[in-house]
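Thank you all for making time this morning. I would like to walk you through some charged side-chain pairs and then one loop residue, so please have the model open while I talk.

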Amino acid sequence: MINELERRFGASFYLNYHSSLPNTIKWYTTPAGETFGIDTTSVDDQEITLLDIILEKTEIQPIQLNEREQQWLNYLSHADDKEPIFQTDHFRFIHFSTSHEIENTAELNEIFLHSFSDHQIIIIWKNNQDGLIIEFFNDLPIETDDFEELSAALTADFFINVHFFVGTKLSNITTARQQYNWEEKCFTVMKNHSPSQHVTYYHQATPYLLLEHVPMEALQKISSHLIKEVNLDKELIKTIQVYFKNNLNTTLAAKELFMHRNTLQYRIDKFIEKTGIDIKHFDQAVSVYIALMIYQTL
């Protein structure tokens, strides 16, 4: 439904709230729980009336940002062309999204700041569920394990599932807008196709972005052709997925699966025998990796 609405209303359609948007935007929630806004100044009154009838109207509570946070958000959203100043060699965007709306965003800010106390960051909430961490650094950025540990702690202690999408390293402010917009699109794709991963990186979105442009029928053919001999063996499929996740390293994969290395090797050999595809070789492993990505999302 969201995609149809976006096509219908074009530039008047807004999927994400942020504080630089005009107050002429009216917000709605679809039956699927997706929130979107329509700029009432550029849409016919009859269409607004129809939306009022068929959809639930939503009140958006403005997020309070300090001057620096607002400047970055205004620049990234094209509301202001004044370039923000940063004094480190590099910066990067860490996009995040929570499983539900957060009433007290200041409390979560404190958790973020405490978790990353050895790093220079600012936190920008675009709405009560989606936000952006901008990390400034010279040498070493925040490590993957730190995001994983924070995500696990938030789930266990506060019952909040947070997805982090870590962007690429930037050194020039002139490329920031373009990179920010691209990473937002990548993050959306990753949340749709890989919701179980709580920490993902920009490069992981590449194959999913490619698959977005392939017709569903073709995707089904690709997947069924490559793994048709094993697609009913869910245990074997999971084994191969973990094997790929650990970069074809049988020792690490066996450890994650809590099984003996020889047992894992037996399963890999079983997969190769049944499919005729030797996943110990990179080029053949890539084909199966893509097929399993499709299998997971269909």
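I will begin with how the model was treated, then go through three salt bridges, and finish with a threonine.

Please keep in mind that this is a predicted model, in which local features need a pLDDT of at least 70 and side-chain atom pairs count only at pLDDT 80 or more, while totals for chains, interfaces and linings use all residues. Residues are numbered from 1 along each chain as its sequence is written, and side-chain values use heavy atoms, with hydrogens and water left out.

A search of the whole structure gives 11 salt bridges, where a salt bridge is a side-chain nitrogen of Lys or Arg within 4 Å of a carboxyl oxygen of Asp or Glu. One of them joins the side chains of D52 and K26, at 3.1 Å from N to O. Because D52 belongs to helix 2 (residues 45-54) and K26 to strand 2 (residues 25-29), this pair ties together parts that are 26 residues apart in sequence. For helices and strands I am using DSSP runs numbered from the N terminus, with helices being H or I of at least four residues and strands being E of at least two.

How accessible are D52 and K26? D52 is partly exposed, with a relative accessible area of 23%, and K26 is also partly exposed, at 27%; the classes here are buried for under 20% relative accessible area, exposed for over 50%, and partly exposed in between, using a 1.4 Å probe and protein chains only.

Turning to the next pair, D130 forms a salt bridge with K191, and their closest N and O atoms are 4.0 Å apart. This pair links distant parts of the chain, with D130 in strand 7 (residues 130-137) and K191 in helix 6 (residues 176-193), 61 residues apart. D130 counts as buried at 14% relative accessibility, whereas K191 is partly exposed at 28%.

In the third pair, K245 meets E256 in a salt bridge whose closest N and O atoms are 3.0 Å apart. Since K245 lies in helix 9 (residues 234-245) and E256 in helix 10 (residues 250-257), the two tie together parts 11 residues apart in sequence. K245 is exposed, with a relative accessible area of 57%, and E256 is partly exposed at 32%.

Finally, where does T168 sit? T168 is in the loop between strand 8 (162-166) and helix 6, and it is buried, with a relative accessible area of 17%. Leaving aside residues up to four places away in sequence, T168 touches F91, R92, Q179, E183 and Y202, a contact being heavy atoms within 4.5 Å.
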